[in-house]
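This report concerns the packing of selected helices and the confidence of the coordinates. The sequence and structure are shown below for reference.

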Amino acid sequence: MPSPRASVVALLAAAAASVLVVAAGCGDEGGGANGTSVSAVATTTQVADLVRNVGGSRVAVDGILPANADPHGYEPRPSDAAALTDADVVFQAGGDIDEWLDEVVDSAGGHAERVTLIDSVTTVEGEDEHGEETDPHWWQDPRNAILAVAAIRGALVRADPDGRAGYERRAAGYSGKLRRLDAEVARCIDQVPAGKRKLVTTHDALGYFANRYGIEVIGAVIPALSTQAQPSAKDVGELVDQIKSEGVEAIFPEASLSRKLEQAISREAGAEVGGQLWADTLGPEGSSGETYLDAVRANAGTLAEGLSGGSVTCSFSR
Ligand SMILES: [Zn+2]
């Protein structure tokens, strides 16, 4: 007859085994004991969201940037390097957005495959204080998010070939949502009279969105592709003149940046301050920018309302 202690051990072992069976059963093709097969690090909130949508329960995603933080000025912490040491894949947006990843990779070592998503999307050139430069804000065009999803799927299949069917299925399903998002945003912005589609933002972050949906970028409070530049008094004066002469209806602050200058410029130029945009970051849980899909919808609605002086409101399917 087994001792009481032995039967407790046997019970615990049986319980652990049934937990594993349940985990494998509901996580479609769960691998490790915690249900994940791949450990991924993502730099920005948008990139982390795209990776989670493709990875599903097979991929543990460690996002470096918190919600509502500016990626341009991010200072890496020691824990970022620690996360990278154990990662299989690291996904970054690319360009000026997360150049700081270089120093994290240098100090972390490890074996992670590094995937720079800007290399897989269609880029446009923007104006910076240094002249013509590749605009790093590619995710503001949902068609680029579809290209990024394909690159993420490819990298996850390389890291975890057994999960291929799931990665392909989730990437296809999410890409369908991105295509619907793109069509709905186009319909939304089309309702704004063409002469009113004139955009002024905090920094030059929405060039891709403007390009895609037929909006003219008039200028930015920080006249640069990065948030790290400072506008001069001359820059601000010129922007005020432009806002007046172009008849810009509203200027739009960004969620992660101070809006003091926007308020001063709008008073001076006689424009409204529109709702805040999710430019370089997603928002916290429960905000209008909780996911990439939410953030793009929220931006389209905010822009349509502000640019039209409140006469256009958009509705989106979920
Ligand atoms: Zn930016």
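## Helix 6

Which residues of helix 6 are buried? In this predicted model, the buried residues of helix 6 are Gly166, Tyr167, Arg170, Ala171, Tyr174, Leu178, Leu181, Val185, Cys188 and Ile189. Among the elements that cover these buried residues are helix 2 (45–55), helix 5 (142–159), helix 7 (207–213) and helix 10 (292–307).

Helix 6 comprises 27 residues, from 164 to 190. At 1.5 Å a residue, helix 6 should span 39 Å, and its end C-alpha atoms are 39 Å apart, so the expected and computed values agree.

## Helix 4

Helix 4 covers residues 101–108, of which Leu101, Val104 and Ala108 are buried. Seen down the helix axis, the buried residues of helix 4 fall within an arc of 60 degrees and therefore line one face of the helix. An α-helix has 3.6 residues a turn, so residues three or four places apart point the same way.

The buried residues of helix 4 pack against helix 3 (78–85) and strand 3 (89–92). Asp102 and Asp106, on the other side of helix 4, are exposed. Just after helix 4 comes Gly109, which takes a positive phi of about 65 degrees.

## Confidence of the model

The pLDDT of the chain averages 90, and 89% of the residues score at least 70. Over residues 1–31, however, the pLDDT is below 50. Beyond near neighbours in sequence, the stretch 1–31 has 19 contacts in the model.

Technical notes: Residues are numbered from 1 along each chain as its sequence is written. This is a predicted model: local features need pLDDT of at least 70, side-chain atom pairs count only at pLDDT 80 or more; totals for chains, interfaces and linings use all residues. A residue is buried if 20 or more other C-beta atoms lie within 10 Å of its own, exposed if 12 or fewer, and partly exposed in between; C-beta atoms are placed from the backbone. Helices (H or I, at least four residues) and strands (E, at least two) are DSSP runs, numbered from the N terminus. The arc is that of the directions from the helix axis to the C-beta atoms. Two residues are in contact if their C-beta atoms, placed from the backbone, lie within 7 Å. pLDDT is the predictor's confidence in each residue, from 0 to 100. The expected span of a helix is 1.5 Å times one less than its number of residues.
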